[in-house]
Amino acid sequence: MTTIQPVLEIRSLTKHYGGVKALTEANFRLMPGEHVAIVGDNGAGKSTFVRLITGAEQPNSGDLLLDGSKVSFKSPLDARDQGMETVYQTLALAEDLDVPANIFLGREITRINLGPLSILNHKAMREQSTSMLSTTGVKIQDMSESLRGMSGGQRQCVAIARAAGFAKKLIILDEPTAALGVAETARVEQIITGLKERGIPLIIISHNLRQVFDLADRIYVFRQGRIICNRLTSQTNPQEIVGLITGAIDPSSLPPEMSPKLSPHTQKEAETV
Ligand SMILES: Nc1ncnc2c1ncn2[C@@H]1O[C@H](COP(=O)(O)OP(=O)(O)O)[C@@H](O)[C@H]1O
Ligand SMILES: [Mg+2]
């Protein structure tokens with residue numbers, strides 16, 4: 001049997017703020033092409049986990065492996081350079097800039113690079129933005145308009161298109177639809193399904209169990225600063241997940257679940273036996 005290497009592996013990740021144990025000994029794996037959901041009550045440690053794995057904060061201890069190699073991100077830019085794109089819950093978009101400027105924010109294409117006096121290559125950025133948006137199926141009428149006039153859903157689509165366009169290894173979405181309406185949520189979910197079809201691994205934090213069960217291959221449950229278990233979506237149900245989140249169900253009482261070493265593809269084969 002060949003062992004499939006995780007795209008991202010987290011070992012014993014720990015972060016304490018003084019006496020507050022925000023995250024303790026967290027172990028996590030994301031397999032090639034896998035879409036994983038993170039669930040848990042408020043204060044369970046989900047955002048801390050994302051900040052630690054994207055380099056926004058440094059852990060007290062623990063290891064992060066990207067494609068099997070140990071990495072240590074000094075900042076989110078560092079993680080981005082290595083192919084990890086994150087859409088934070090509070091969108092990092094500039095209202096007064098147009099779509100291409102937002103997509104290339106912080107990594108502008110230049111014609112002549114003279115530091116602050118650089119000349120931007122607007123044509124190249126516009127063209128690449130159009131193609132990035134089209135791979136996600138997002139239609140923006142006028143690319144030269146600022147984001148100010150756009151709906152929350154359109155902005156979220158721009159942010160996800162940006163992440164999808166630049167992500168070489170994986171995408172992390174923190175509550176991507178928490179502030180969106182029904183139609184906008186559906187649009188964002190379509191983009192996520194498209195990423196699945198393109199084989200781009202994804203981590204989504206969501207409180208919406210319907211969404212989690214629609215989109216994720218695997219669910220990681222956070223509780224009181226620990227990852228208490230992970231379940232294949234196909235082998236659990238919303239009641240069980242709610243029980244795990246609230247503590248009504250003891251994870252050790254559950255039947256042993258399938259090894260996270262298996263890829264979603266291998267799991268499907270195993271399930272049909
Ligand atoms: N910068 C911080 N300083 C002190 N405590 C923090 C800090 N960030 C998070 N915490 C605490 O760590 C715990 C986990 O928080 P968080 O990761 O935001 O949870 P979640 O995203 O699951 O709601 C909470 O008790 C929270 O109050
Ligand atoms: Mg949070």
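## Ligand shell and parallel strand core

Ligand 1 is surrounded by Tyr17, Val20, Ala22, Gly40, Asn42, Gly43, Ala44, Gly45, Lys46, Ser47, Thr48 and Phe222. A residue counts as near the ligand if its C-beta atom, placed from the backbone, lies within 6 Å of it. This is a predicted model: local features need pLDDT of at least 70, side-chain atom pairs count only at pLDDT 80 or more, and totals for chains, interfaces and linings use all residues. Residues are numbered from 1 along each chain as its sequence is written, while chains are lettered from A and ligands numbered from 1 in the order in which they are written.

**The shell**

By class, the shell around ligand 1 holds 5 nonpolar, 6 polar and 1 charged residues. Here Ala, Val, Leu, Ile, Met, Phe, Trp, Tyr, Cys and Pro are nonpolar; Asp, Glu, Lys and Arg are charged; the others, Gly among them, are polar. β2 (20-30) and α1 (46-53) each give at least two residues to this shell. The largest share, 3 residues, comes from α1. Helices (H or I, at least four residues) and strands (E, at least two) are DSSP runs, numbered from the N terminus.

Helix α1 is mostly covered, with 8 of its 8 residues buried. They are Lys46, Ser47, Thr48, Phe49, Val50, Arg51, Leu52 and Ile53. Buried means that 20 or more other C-beta atoms lie within 10 Å of the residue's own; exposed means 12 or fewer, partly exposed is in between, and C-beta atoms are placed from the backbone. Just after α1, Gly55 takes a positive phi of about 80°.

**The chain as a whole**

The protein chain has 9 helices and 12 strands. Its C-alpha trace spans about 60 × 40 × 40 Å along the principal axes. A compact globule of 273 residues would have a radius of gyration near 19 Å, and the chain agrees at 19 Å. That radius is taken over C-alpha atoms, and the globule rule is 2.2 Å times the number of residues to the power 0.38. Of the 273 residues, 38% count as buried. Among contacts between residues at least 6 apart in sequence, 67% join residues at least 24 apart. A contact needs the C-beta atoms of two residues, placed from the backbone, within 7 Å.

**Strand pairings**

Two strands pair if DSSP finds at least two bridges between them. The table gives four pairings, each with one pair of opposite residues.

| Strands | Sense | Bridges | Opposite residues |
|---|---|---|---|
| β6 (residues 84-87) and β9 | parallel | 4 bridges | Thr86 and Ile172 |
| β3 and β10 | parallel | 4 bridges | Ala37 and Ile204 |
| β3 and β11 (residues 218-223) | parallel | 5 bridges | Val39 and Val221 |
| β9 and β10 (residues 202-205) | parallel | 4 bridges | Leu173 and Ile204 |

From β9 the chain crosses through helix α6 (residues 182-197) to β10, and this β-α-β crossover is right-handed. Right-handed means that, with the strands pointing away from the viewer, the path from the first strand over the helix to the second runs clockwise.

**Strand β9**

Strand β9 (residues 170-174) has 5 of its 5 residues buried, so the rest of the structure largely encloses it. Both of its faces are covered. Leu170, Ile172 and Asp174 lie on one side, with Ile171 and Leu173 on the other.

**Strand β3 and Ala37**

Strand β3 is mostly covered too: 6 of its 6 residues are buried. His35, Ala37 and Val39 point one way, and Val36, Ile38 and Gly40 the other way. Gly40 also belongs to the shell around ligand 1.

Ala37 lies in β3 (residues 35-40). Ala37 is buried, with 26 other C-beta atoms within 10 Å. Not counting residues up to four places away in sequence, Ala37 touches Ile204, Ser206, Val212, Leu215, Ala216 and Ile219. Between the C-alpha atoms of Ala37 and Gly115, 78 residues apart along the chain, the separation is 40 Å.

**Strand β10 and Ile203**

Ile203 lies in β10. Ile203 is buried, with 24 other C-beta atoms within 10 Å. Leaving aside neighbours within four places in sequence, Ile203 contacts Leu30, Val36, Ile38, Leu170 and Ile172. The C-alpha atoms of Ile203 and Ala216 are 8.7 Å apart, with their positions 13 residues apart along the chain.
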